[in-house]
Amino acid sequence: MRTHSFLPVFSALAVSTAFLLASPAMAEVVKYKATLDGSQQSPPVTTKGKGTATLTFDTTKKKLSWDVKYSGLSGPATAAHIHGPAAMGASAAPVIPFKGKLKSPIKGSATLTDAQAADLAAGNYYVNVHTAANKDGEIRGQIEAAK
């Protein structure tokens, strides 16, 4: 009579279960940043305005969150967005509007499409803050991976 060992079967089952349970923990959160000023506008704007944007992207939920802080603008912000796809110095249409109050800090989030996530990862998005005196944007910053 031959006996079979179930140890290899149980080991494979345990490893498979561990991978399935660990999958949600493998979600990656990628950090991005942007430094905003008038020199990055196209064409450049002379302003005392400046700012920073810190962004995080959850690759599993495809959720982008932002915190944009600025000061020294010529007047109140009239609009603020993420624009793209565009390399530094190039212009593009808004793709993610910032909703609600535009006073500093501007905080919010949005769910991205796969194409938007790819453009974000490629560095093809920028943050732009507009004012009445600078309708095309007073300060701008290209979004890049944080180091």
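I looked first at helix α2 (residues 114-121) of this predicted model, where Gln 116, Ala 117 and Leu 120 are buried. Buried means under 20% relative accessible area and exposed over 50%, with a 1.4 Å probe and protein chains only. These three residues cover an arc of only 100 degrees around the axis, so they lie on the same side of α2; the arc is that of the directions from the helix axis to the C-beta atoms. An α-helix has 3.6 residues a turn, so residues three or four places apart point the same way.

I then checked the opposite face of α2, which carries the exposed residues Asp 114 and Ala 115. The buried residues of α2 pack against β1 (29-37), β2 (50-58), β3 (63-71), β5 and β6 (106-111), contact meaning heavy atoms within 4.5 Å. Gly 123, which follows α2, has a positive phi near 80 degrees.

Next I looked up Ile 96, found in strand β5 (residues 94-97). Ile 96 is buried, with a relative accessible area of 4%. Leaving aside residues up to four places away in sequence, Ile 96 touches Leu 64, Trp 66, His 81, Ile 82, Ala 110 and Leu 112.

For the protein chain I noted 2 helices and 9 strands; helices (H or I, at least four residues) and strands (E, at least two) are DSSP runs, numbered from the N terminus. Of its 147 residues, 35% count as buried.

I recorded the conventions: residues are numbered from 1 along each chain as its sequence is written, and side-chain values use heavy atoms, without hydrogens and water. Local features need pLDDT of at least 70, side-chain atom pairs count only at pLDDT 80 or more, and totals for chains, interfaces and linings use all residues.
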